[in-house]
Each structure stands twice: as structure tokens, then as C-alpha cells.
Amino acid sequence: PPRATGVAKLRCLAQVPEAVGPYSLLSPIASGGFGQVFLGRQAGVLGRLVALKGLGAEKQDELEAVAMLIDEARIASRVRHPNVVPIVDVVEEGSRIWLVMEHVHGETLARLLARTSDRALPVPPRIARAISCGVLRGLHAAHEATDTTGKPLGIVHRDVSPHNVIVSAHGVARVLDFGIAKAAGRLSITR
């Protein structure tokens, strides 16, 4: 409809469903050239919040993009650490694949840095150290991850940036988005 706003407008433009498997899509969180991320709620008594990542409408039919999304699910699901945002489910809905991640109540490091920059405030050294150490712990866990037989996966994130680090409301830095990570057994080859 011409007067649609927010999620309704985005759904019209990007062919985004109201629900993906047992998850309702509530609102957009982020979007980029590769895909979209939505806040969602799992059906059921607890109705926990999740983040759902799917390919954008223009990418969902590209085999390479689909293979990269599947690779991200395979790679990130092997990394279990408090400083990494875990993939908790993968849902195939129609012709689209969605990664379901734990929702982290917080802000990306990029947004936090923009706020300190806008106010001309330096990041206190102890906070910068805590965030840096959390990111390094998460990356180390990725480097140490193994497959189901115990063989090292050799994961290298390759896209560590303030946009791919979220700092929870409790102050814990967590790495996310293993979309272009290098690892043994990838289905796709990234440029």
C-alpha cells in the first residue's frame, strides 16, 4: 500500500514475510549489500527475541550468495564462546534461507564510536581495553574451532570492523558476521 511505513513498507519493497518458520519478524535492525537483519520473536510460551539474517531480494536467487550464507551458518555454528554471537537455527522458508542468531541487546561498536566522536569524547582506556580483549577472545575461539571430528577449521574472520562487533548492555563485546570468513570446507570462494 502507498502509505505503508516501517516494517510493512520494507516487506513490500523486499518481499519480506511476516514470519519465518516459528519466528515472527518484528522490525529491521540492519541492511547492507548482501542481506537484511531483522529483530524477531520465537513462537511459544517464552517467545525469546532473536535476530534473523536473510539475503536481500536481489541476492536470494544468486547461487554464490546462497552458498556464502550457508557457509556462514556452518562456520559460525561451530564457534561457541561468550564473545561470539551464536547461530541458533537455520530456517528455509520458500526459496529463502534465514540464519537465526541470538539477539544481543546492545549497540554495534560503530554506533558507540560515532556517539563518542559526535560528543568529542575519548573512549576511556579501560573500556577500550575491555572491548578489544573481548573481540580478541572471540576471534581466538573462532581460530580454535573444530569440526565434529575434532579437526581444526582454520577460521579467519576477515571482516573485523566496528560494524561487526556488538557491545551488549552488560558491556560484553561480541563478534558477529562470519559471512566472508575463511575456513576449511567452505562451499563458496570469496573474493
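**Fold, sheet packing and salt bridges of the predicted model**

Buried residues account for 39% of the 191 residues in the protein chain. The model is predicted. The chain contains 4 helices and 9 strands. Read from the N terminus, the elements follow the order α-β-β-β-β-α-β-β-β-α-α-β-β. Contacts between residues at least 6 apart in sequence were also examined; of these, 54% join residues at least 24 apart. The accessible surface of the protein chain comes to about 10,900 Å². Carbon and sulfur atoms supply 58% of that surface.

An open sheet is built from 3 strands in the order 7-8-9. Its pairing is antiparallel. Strand 7 (106–108) and strand 9 (173–175) stand at the edges. Each has a single partner strand, so one side of each lacks a neighbour in the sheet. From one strand to the next, the twist averages 30°. Strand 8 covers residues 165–168 and is joined to strand 9 by 3 bridges. These two strands run antiparallel. Within this pair, V165 stands opposite V175 of strand 9. Strands of a sheet pair through backbone hydrogen bonds, in either a parallel or an antiparallel manner.

Two helices pack on this sheet. Helix 3 touches strand 7 and strand 8. The direction of helix 3 makes about 85° with that of strand 7. Helix 4 touches strand 8 and strand 9. Here the angle is about 35°, taken between the directions of helix 4 and strand 9. Strand 8 is thus touched by helix 3 and also by helix 4.

The loop between these helices contributes to a surface feature. V123 is found in the loop between helix 3 (109–118) and helix 4 (125–144). V123 is partly exposed, and its relative accessible area is 31%. The cut-off for membership of a patch is over 30% relative accessible area, so V123 meets this requirement at 31%. Together with L113 and I127, V123 forms a nonpolar patch on the surface. The accessible area of the three residues together is about 200 Å².

Charged pairs were considered next. Side chains of opposite charge can pair when their charged atoms come close. The structure holds 6 salt bridges. One of them is formed by the side chains of K53 and E72, with an N to O distance of 2.9 Å. This pair links distant parts of the chain. K53 lies in strand 4 (residues 49–55), whereas E72 lies in helix 2 (residues 63–76). The two residues are 19 residues apart. K53 counts as buried because its relative accessibility is 9%, under the 20% limit for buried residues. E72 also counts as buried, at 2% relative accessibility.

A further salt bridge is formed by R174 and E102, whose closest N and O atoms are 2.7 Å apart. R174 lies in strand 9 and E102 in strand 6 (residues 96–102), so the pair ties together parts that are 72 residues apart in sequence. R174 is buried, with a relative accessible area of 11%. E102, by contrast, is partly exposed at 31%.

E107 and R111 form another salt bridge. Their closest N and O atoms are 3.3 Å apart. E107 is partly exposed, with a relative accessible area of 22%. R111 is likewise partly exposed, at 41% relative accessibility. Elsewhere, salt bridges that share partners join K53, E72 and D177 into one network.

R111 also appears among the contacts of I29. I29 belongs to strand 2 (residues 23–31). At 35% relative accessibility, I29 counts as partly exposed. Neighbours within four places in sequence are left aside here; I29 is then in contact with V37, F38, L39, A51, H103 and R111. The C-alpha atoms of I29 and A51 are 8.2 Å apart in space. In sequence, I29 and A51 are separated by 22 residues.

Conventions:
Residues are numbered from 1 along each chain as its sequence is written. This is a predicted model: local features need pLDDT of at least 70, side-chain atom pairs count only at pLDDT 80 or more; totals for chains, interfaces and linings use all residues. Side-chain values use heavy atoms; hydrogens and water are left out. Patches are made of residues with over 30% relative accessible area and no salt bridge: like charges are joined within 9 Å, nonpolar side chains (Val, Leu, Ile, Met, Phe, Trp, Tyr) within 5 Å. Accessible areas come from the Shrake-Rupley method with a 1.4 Å probe; for residues, only the protein chains shown count as cover. A salt bridge is a side-chain nitrogen of Lys or Arg within 4 Å of a carboxyl oxygen of Asp or Glu. Buried means under 20% relative accessible area, exposed over 50%, partly exposed in between (1.4 Å probe, protein chains only). Two strands pair if DSSP finds at least two bridges between them. Axes are lines fitted to C-alpha atoms, for helices over the stretch in contact, and angles run from 0 to 180 degrees between N-to-C directions. Contact means heavy atoms within 4.5 Å.
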